[in-house]
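Good morning. I have one structure to go through, and I will keep to the strands, one patch and the cysteines. Please have a look at it first.

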Amino acid sequence: MGGEDEGIWGIAFGQLYGHARSRDFQGHNTQDTLMGSLYWGRLMEESNRACWIFKGSLTWAETRNNMTSRLGGAPASTGKWNNETWLAQAEVSRTADCAGGWRLTPFVRMEFTHGRQDAFREQGGYGRDFGGAALKRLSIPVGLEIGRTDEWKGRPWAQSLRVSYVGDVLRDVPEATVYSPYSDMGWRGRAVSPERHGLRAEYNTSLQCNERWSVYGGYGLEVRGSSCYHRVNAGVSRSF
């Protein structure tokens, strides 16, 4: 939606299913996530060979968790709780055409994440009480994208490689109280805290099959100390 003067607006929604299995305890967690996003972008021409691009988005997601665990040979315990997360993103970049059909795009981004976890109590076995927790993180990726558009069997084929340094300006790692009525013991649980400085690399490609249909795919890698995050995506798109 929108036009050249006010930019392009868009909405998106999705649903994810998944599960996580503990490596230390006999337990697994099934997850169901609903999410929606509102985004905006605008292109401003600087010259025939260069332009500025402004982008922003606001995304909301809620995850329903259903965990089953077994501790010390006791009967299984079950716990249910919800997570809610907001993600605000903004980016400014400048794209310039270079020799050989290549495009160079330096960019700077802002990514702010805020999430919260509900308190809940496990039922059965050695059931435990978990307190609520919150996550806050502000990251500033700065990097360069290299891309070009060729043809494959007469069809436009776009490719891009984006490399950036990602630094966390603000980070509040979630932690919460845990209490075991069975043993009358309490402690604090804390989430994993990766390095504040990371390196991110993303490759994306898209083939325009005809006026309405296109296929796309991509791979992303983010390294923070000894932690690695991989992301793979592929799909088919129809425009109308």
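Which residues make the nonpolar surface patch of about 380 Å²? Before I answer, note that this is a predicted model. The patch is made by Met44, Trp52, Val92, Val108 and Val142. Take Met44 as one of them. Met44 sits in strand 3, which covers residues 26–45. Is Met44 buried, partly exposed or exposed? Its relative accessibility is 38%, so Met44 counts as partly exposed. The band for that label lies between 20% and 50%.

Next, the strand pairing, starting with strand 9 and strand 10. Strand 9 is residues 133–152 and strand 10 is residues 155–172. They run antiparallel and are joined by 17 bridges. One pair to find on your screen is Trp152 with Arg155, its bridge partner in strand 10. The two strands form a hairpin with two residues between them. Lys153 in that hairpin takes a positive phi, near 55 degrees.

Strand 10 also pairs with strand 13, residues 197–208. That pairing is antiparallel too, with 11 bridges. Here Ser160 has Asn204 in strand 13 as its bridge partner.

Now strand 11, residues 175–180. Which of its residues are on the covered face, and which on the uncovered one? Ala176, Val178 and Ser180 are on the covered face. Glu175, Thr177 and Tyr179 are on the uncovered face.

Strand 11 has antiparallel pairings with strand 8 and with strand 12. Strand 8 is residues 129–130, and two bridges link it to strand 11. In that pairing, Asp129 has Tyr179 as its bridge partner, and Tyr179 is one of the residues on the uncovered face. Strand 12, residues 185–190, is paired with strand 11 over six bridges. There, Val178 from the covered face stands opposite Trp187 in strand 12. Strand 11 and strand 12 form a hairpin as well, with four residues between them. In its turn, Asp184 has a positive phi of about 55 degrees.

Last, the cysteines. How many disulfides does the structure hold? Zero. Cys98 is in no disulfide, and the nearest cysteine sulfur, that of Cys51, is 12 Å away. For a disulfide, the two sulfur atoms would have to be within 2.5 Å. As for its surroundings, Cys98 has 27% relative accessibility and therefore counts as partly exposed.

That is the end of my part.

How values were computed
Residues are numbered from 1 along each chain as its sequence is written. This is a predicted model: local features need pLDDT of at least 70, side-chain atom pairs count only at pLDDT 80 or more; totals for chains, interfaces and linings use all residues. Side-chain values use heavy atoms; hydrogens and water are left out. Buried means under 20% relative accessible area, exposed over 50%, partly exposed in between (1.4 Å probe, protein chains only). Two strands pair if DSSP finds at least two bridges between them. Patches are made of residues with over 30% relative accessible area and no salt bridge: like charges are joined within 9 Å, nonpolar side chains (Val, Leu, Ile, Met, Phe, Trp, Tyr) within 5 Å. Accessible areas come from the Shrake-Rupley method with a 1.4 Å probe; for residues, only the protein chains shown count as cover. A salt bridge is a side-chain nitrogen of Lys or Arg within 4 Å of a carboxyl oxygen of Asp or Glu.
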